[in-house]
Amino acid sequence: MLLRLVKIVLIATLLYNYVAIVPSVFAASNSFATIVNPVRGGEFWGLSDQQPQDAVISQYKLINGNGLVATWLLRFDALENSQIMQFFQEIDKSQESGIFLEITPSLARTAGVPYKEKGVFWHDADRVFLSGYKIEDRKKLIDAVFDAFLGKFGFYPKSVGAWHVDAHSASYMSEKYGISGVLICADQFSTDNYQIWGGWWGAPYYPSALNILMPAQTPKNKIDTVIFWWAARDPDLAYAGSSGFSVQANDYTAHDLGTDYFRKLLDIYLQNKENKFNQITIGIENDYSLKIYGKEYQAQIEEVKKREGNGEIKVLTMKEFSRWYRQEFKEISPSHVIGRWMMTPQYRVSLIEKGGKKYIRDLRIYNEKWPESNFLTANPWESLSLNNPYKIDSLRFSNQLKEVNDLNNTRNIIKEFGTQNIPFEANNFFLSFFYLFCFLGLIRLFNKNFSVLAILIVGSLGLSLTMIKSGLIYPFGMGFWGPNGHDGIWHIALINQLAQGRLSHPTFANFNLLNYHFGFDLLAALIHKVTTIPVINLYFQVLPVIFSLLTGILVYSLVKRWIKSESAALLSTFFVYFGGSWGWVIDWLKNKSFGGESVFWANQAVSSLINPPYALSIIVLLGSLILFLEYLEKPTQKRLLALSLLFGVLIQIKVYAGVIVLGSLGVLGVIGIMREKNGTVLRLFLGSAAVSLLVFLPFNRGAGSLIILSPLWFPHTMLAFGDRLGWIRLENARQAYLATDQWVKWVLAEGLALLIFILGNLGTRVLGFGWLISRCRGDRGDRDYEGNKGKIAVLLVLILLISLTLTLALVQKGNPWNTIQFFYYFQFFMGILTGVWLARFLVLLKNKLVKLGLLVILVILTVPTALGTLFYNYLPSRPPARISFEELEALDFLKQQSEGVVLTYPHESSWREKFTEPKPLYAYETTAYVSAFSGMQTFLEDEMNLEISGYDWRPKREREIRFYAIDNKEWAKSFLRDNKIKYIYLVKGQKMNLGLGDINAEKIFENGEVVIFNLVENK
């Protein structure tokens, strides 16, 4: 019995090995043809001698008469056409009806979605395809047409189609309506202004959930629906540039080709025994002339019938084939060969032969996580550009042909050409390790003090959330929340320049950096060079966490050392992290929401990190104050030198901090001489001033001219501007009192505006005035403020006075509101003093419930600003700005090129309204993003920063505009040569009048959104 069992096992093993080694025999029954006829209704109908139902009736008679089945995809206007619907109610039930997903005015009206009336053609991509609409509107359009279909047929369809269906819409229809098949247009480079380039060449597959042209590589990331290709192309002739070489009758007859050519294509697609199956889709739309194409269409159907009769193929509807495919291939799609094209879920590759040698002419290494264009954003263009990234694309670049010997080894191909990585993607393992390290470090430091630990963790998280989501990769590209889409990009551009050891201006070619405090950027550049952490992740994900933790730790340490009070240190840390304005009250009264962070002009504590130089200046200032206490106790030369250096460099980190601290130290030093004949602080002031002059003057010689005296500008504009408090009646009254010499009323109006400005911005931190009042009152017996500790108190009062005075007196040329940053220091230290005073006040309260109640009320009144700011500005999944995958790919390519000046297109503010959020950075604002992500110097970018810094940038912009519009090639070449321009970077919709030959340029990169040119003379 045992011997017999062993023999059975051995025989079974041998049979299994034989079956596994010997290829499966190809069965003719595994070849399929699918007839699909799109049916359009009367909207945009262009044939005078043919009605929408005429071709449908003729096609049906032909198909049904030959005993065949077809899929009929009806557009919304066809569903609304009574004659068409009467016909479909009567046809044979073996025929399949589905939806043709072109958007028409009637569908948009039914769905309640705006339809773009303006355009050149009805089939402009931004209005005929779902991808031209916002995600919310796509769902409305889909629901409307599916409801209409249900109303006509009594069931939901299993098949849909259009020349383009985006992956998001396909996923939605698959999950909600259970569709099993999607028909889209086969690869074509430019037909009908639609560029669809880089998918599988004519073979069905499961698409990635992020990209309809990308085969899914894992079951969890696939859309469980089968992709069919409309107008399958000639594997050779169509790649050369003309999509007219396809199985569609109207295409190949335009090239004077007939049914023999159609038979040739059928052979190519249906007779390859290397494949596990073969399939092709044929058909024609009902708005093509029966007189012109009816006879050839009849010949196609008869040829298909002949092959089915011979047992060569099976004719299935889309629904039937999708069912078969999903039963046979339950996980991912099998590899497929068509002509000289090989497709796998990992890549597609195409060969040509020249001189007896094989060359790769097209190669795409797939990454299923690479989203398609407009996956989550509305396409604003009349054209369509869908491109999967390429390793070789000899249609675009004829010199990219690469000789190859073995194409059968997937691993070798990917090893040689590399995987298709997502550019600028963060290292999630490193970031996770870094955050864990910070968390464990905090626990180690404060493991016995849960209150401090909790405030530090929650407070740091709140501050960091304004930053850490930006600069990461999402399905819409790289996202930027809040002002990070401008300010953060500027810092990244500058950090990259400094990391290369240059002080050249990143966005103003051939000029050095002037009138800008770059201390933070220099520190970040040094950290980047030492650690090799990518600048963008260092800026958005690493330094914010470090800065937020250090801020809380240093505030806690300073107050505890100064006041010797645990509760004061805790409360001060709380107000520094969460302090906010009363703007949330105004926003609630106006809009029933908790926004309004800057209603009274100033950003609040939650926004500290979106201004990294400010955040770093606070850290340096807090550390300096702690050391200052030690210096006052024991004024050694080492401490004097260290403090002089720390206080002195503040001006190069944040000029506002430097001015405030130097002024405060100077006054305190004079007080020390006058009262105590003690020059300890004055020596520190002189040392700090010397360092400040040394680090500031060489780079800021014209900075003084950027400041303008404009008393009470902030209180006035707070009243006058609608995006601030907007109390127009009070502002008008103030001006009227001034004009009519009603001085008492004018003073009262001015005083009220000033009071609203200060108290409105401070919020609950107004309690800090309690500390100031008690100090001015000079409470006797208060030992906390005797001697050296008293000098810290005086220094803090001076910081408050100077920061408030400068805020109320000065504005900045170009951007007057920039000087509000003086006020940030006033708010910060008022937060500390509020904590100190509140701790003192709570000691006087004996009832614990009253204490607890007071603290709860203060927390409730304090945190809405932080919570509202995060909720409305930084936590939404959709940011205001982004860089698309196509631009990231282009910028990564540019980054790999040799150094040179990049010419971009002049910023057009009108483009901002062209796009839905998240808007591309080139439309969002004038920014430094090309310089930031390429590491190159640009000819002119970020005009806003140039204006703030006092550069005369307008002549450059005029020359730039002239270059793109001019037809004088000698002037253009001179312009490029004189400005040492090496690269031209253009996105879709941006063009120059001259040709490449006119300026001696060559194209070195192109995808669906970006083209980059290299200036040959300036190599």
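Let me start with one residue. Arg75 is buried, at 1% relative accessibility. Keep that in mind as we go. One caution before the rest: this is a predicted model.

So who is the partner of this arginine? Arg75 forms a salt bridge with Glu102. The closest N and O atoms are 2.8 Å apart. Glu102 is buried as well, because its relative accessible area is 3% and the cut-off is under 20%. Now look at where the two sit. Glu102 is in the loop between β3 (96-100) and α5 (105-111). Arg75 is in the loop between β2 (71-74) and α3 (76-79). The pair is 27 residues apart and links distant parts of the chain.

Here is the background. Side chains of opposite charge can pair when their charged atoms come close. How many salt bridges does a search of the whole structure find? It finds 40.

Take another one. Asp166 pairs with Arg138, again as a salt bridge, with the closest N and O atoms 2.8 Å apart. Asp166 lies in the loop between β4 (159-161) and α8 (167-177), and Arg138 in helix α7 (residues 135-153), so this bridge ties together parts 28 residues apart in sequence. Both Asp166 and Arg138 are buried.

Next, a pair within one helix. Glu731 and Arg734 form a salt bridge, with 2.9 Å between the closest N and O atoms. Why about one helical turn between them? Because Glu731 and Arg734 are three residues apart in helix α26 (residues 728-739). Both residues are buried.

There is also a network. Salt bridges that share partners join Asp187, Arg348, Asp362, Arg364, Asp393, Arg396, Lys1003 and Glu1006.

On to the nonpolar side. The largest nonpolar core has 174 residues. Which residues have the most contacts inside it? They are Trp562, Phe628, Tyr929, Phe933 and Tyr985. Helix α18 (residues 535-563) gives the largest share of this core, 18 residues.

Zoom in on Phe628. Leave out residues up to four places away in sequence. Then Phe628 touches Leu643, Leu668, Val681, Leu684, Ile792 and Leu795. A second core, separate from that one, has 118 residues. Among them are Ala108, Ala232, Ile301 and Phe321.

Last topic: cavities. The search of the whole structure finds five of 30 Å³ or more. The largest has a volume of about 270 Å³. Its lining has 26 residues. Ser373, Asn374, Arg882, Glu886 and Glu1009 lie nearest the centre. β16 (384-387) and α33 (885-895) each supply at least two lining residues to this largest cavity. What classes make up that lining? It divides into 13 nonpolar, eight polar and five charged residues.

The second largest cavity comes to about 210 Å³. It is lined by 21 residues. Closest to the centre are Thr904, Tyr905, His907, Tyr922 and Tyr929. We have met Tyr929 already, as one of the residues with the most contacts inside the largest core. Three elements, α34 (921-924), α35 (929-934) and β26 (981-987), each supply at least two residues of this lining. By class, the second largest cavity has ten nonpolar, five polar and six charged lining residues.

To close, back to the start. Arg75 is buried, and Glu102 is the residue it bridges to.

Definitions and conventions:
Residues numbered from 1 in each chain as written. Predicted model: local features only at pLDDT ≥ 70, side-chain atom pairs only at ≥ 80, totals over all residues. Heavy atoms only, no water. Core = buried A, V, L, I, M, F, W, Y, C linked by side-chain atoms within 4.5 Å. Buried < 20%, exposed > 50% of the residue type's maximum accessible area, 1.4 Å probe, protein only. Helix = DSSP H or I, 4+ residues; strand = E, 2+ residues; numbered from the N terminus. Contact = heavy atoms within 4.5 Å. Salt bridge = Lys/Arg side-chain N within 4 Å of Asp/Glu carboxyl O. 1 Å grid on protein atoms, 1.4 Å probe; cavity = no way out; pocket = protein on both sides within 12 Å on 5 of 7 lines; lining within 4 Å. Points joined across faces, edges and corners; volume = space filled by probe spheres on them. Nonpolar A, V, L, I, M, F, W, Y, C, P; charged D, E, K, R; others polar.
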